Amino acid sequence: ELPLTLQAAQFFAAALLGLLFGLLYDFLRGLRRTLPRLTHLLDALYALCLILANFLYLLYVGGGEFRIFMFCGELTGACIYFAALQCAFTKLFIGFWRIVTFPLRAICRFLKKTFENFVFLQKSSFQAEKNHV
């Protein structure tokens, strides 16, 4: 049996972990909204981080045992984050990722336009040769 103070400390550590999971989710959400093609990769990265962090938490803080109050603590922390802090951090992270990824998005737009113009020129030159024959 665990002393009540140790259970309370582990519960609050789990709640902090839940808050961090919410923060990481919004951090990656900003990047997903800025670069939508990375959605699946970023979701897999989030799931990997979630699994690894839970494993390390249960191994070191929980002493290798998973207790129901630890799950409740993580859920409580995540709910507090999503209810109270999500709006501010989501806007902050989206703005951050728009600034950071601006050069990459500008290069991609330029390359897309260049490729479209190249394809158009290829088609029109092929049509011109076809009409002269």
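This report describes the fold, the salt bridges, the largest pocket and several selected residues of a predicted model.

## Overall architecture

The chain contains four helices and zero strands. Read along the sequence, these elements give the pattern α-α-α-α. The chain is more spread out than a compact globule, because its radius of gyration is 24 Å, well over the 14 Å that the globule rule gives for 133 residues. Taken along the principal axes, the box filled by the C-alpha atoms is roughly 90 × 30 × 20 Å.

Of the 133 residues in the chain, 26% are buried. The contacts can also be described by how far apart the partners lie in the sequence. Among contacts between residues at least 6 apart in sequence, 76% join residues at least 24 apart.

## Salt bridges

A search of the whole structure finds three salt bridges. The table lists each pair with the separation of its N and O atoms.

| Acidic residue | Basic residue | N to O distance |
|---|---|---|
| D26 | R29 | 3.5 Å |
| D43 | R32 | 3.2 Å |
| E65 | R67 | 2.6 Å |

The salt bridge between D26 and R29 is formed inside one helix. Both residues belong to helix α1, which covers residues 4-34, and they lie three residues apart, about one turn of the helix. D26 is buried, with a relative accessible area of 0%. R29 is buried as well, at 14% relative accessible area, and this value counts as buried because the limit for that class is under 20%.

The salt bridge between R32 and D43 has its side chains 3.2 Å apart, N to O. R32 lies in helix α1 and D43 in helix α2 (residues 39-61), so the pair ties together parts that are 11 residues apart in sequence. The two partners differ in burial class: R32 counts as buried at 14% relative accessibility, whereas D43 is partly exposed, with a relative accessible area of 35%.

In the remaining pair, the side chains of E65 and R67 meet at 2.6 Å, N to O. E65 is partly exposed, with a relative accessible area of 41%. R67 is also partly exposed, its relative accessible area being 28%.

## The largest pocket

The largest pocket has a volume of about 300 Å³. Its lining consists of T34, L35, P36, R37, L38, L104, R105, C108, R109 and K112. Helix α4, which spans residues 102-132, gives the most to this lining, with five residues. By class, the lining has five nonpolar, one polar and four charged residues.

## Selected residues of helix α1

Three further residues of helix α1 illustrate how positions along the sequence relate to positions in space.

L31 lies in helix α1 and is buried, with a relative accessible area of 11%. Not counting residues up to four places away in sequence, L31 touches L42, W97 and T101. L31 and I51 are 20 residues apart in sequence, and their C-alpha atoms are 21 Å apart in space.

A13 is also found in helix α1. At 28% relative accessibility, A13 counts as partly exposed. A13 and K113 are 100 residues apart in sequence, with 50 Å between their C-alpha atoms.

L6 is another residue of helix α1, and at 36% relative accessibility L6 counts as partly exposed. L6 and V61 lie 55 residues apart along the chain, and their C-alpha atoms are separated by 10.0 Å.

## Summary

In this predicted model, the chain has four helices and zero strands and is more spread out than a compact globule. The three salt bridges include the pair D26 and R29, which both lie in helix α1, and the pair R32 and D43, which ties together parts that are 11 residues apart in sequence. The largest pocket, with a volume of about 300 Å³, receives the most lining residues from helix α4.

Note on methods. Residues numbered from 1 in each chain as written. Predicted model: local features only at pLDDT ≥ 70, side-chain atom pairs only at ≥ 80, totals over all residues. Heavy atoms only, no water. 1 Å grid on protein atoms, 1.4 Å probe; cavity = no way out; pocket = protein on both sides within 12 Å on 5 of 7 lines; lining within 4 Å. Points joined across faces, edges and corners; volume = space filled by probe spheres on them. Helix = DSSP H or I, 4+ residues; strand = E, 2+ residues; numbered from the N terminus. Nonpolar A, V, L, I, M, F, W, Y, C, P; charged D, E, K, R; others polar. Salt bridge = Lys/Arg side-chain N within 4 Å of Asp/Glu carboxyl O. Buried < 20%, exposed > 50% of the residue type's maximum accessible area, 1.4 Å probe, protein only. Rg over C-alpha atoms; globule rule 2.2 N^0.38 Å. Contact = heavy atoms within 4.5 Å.
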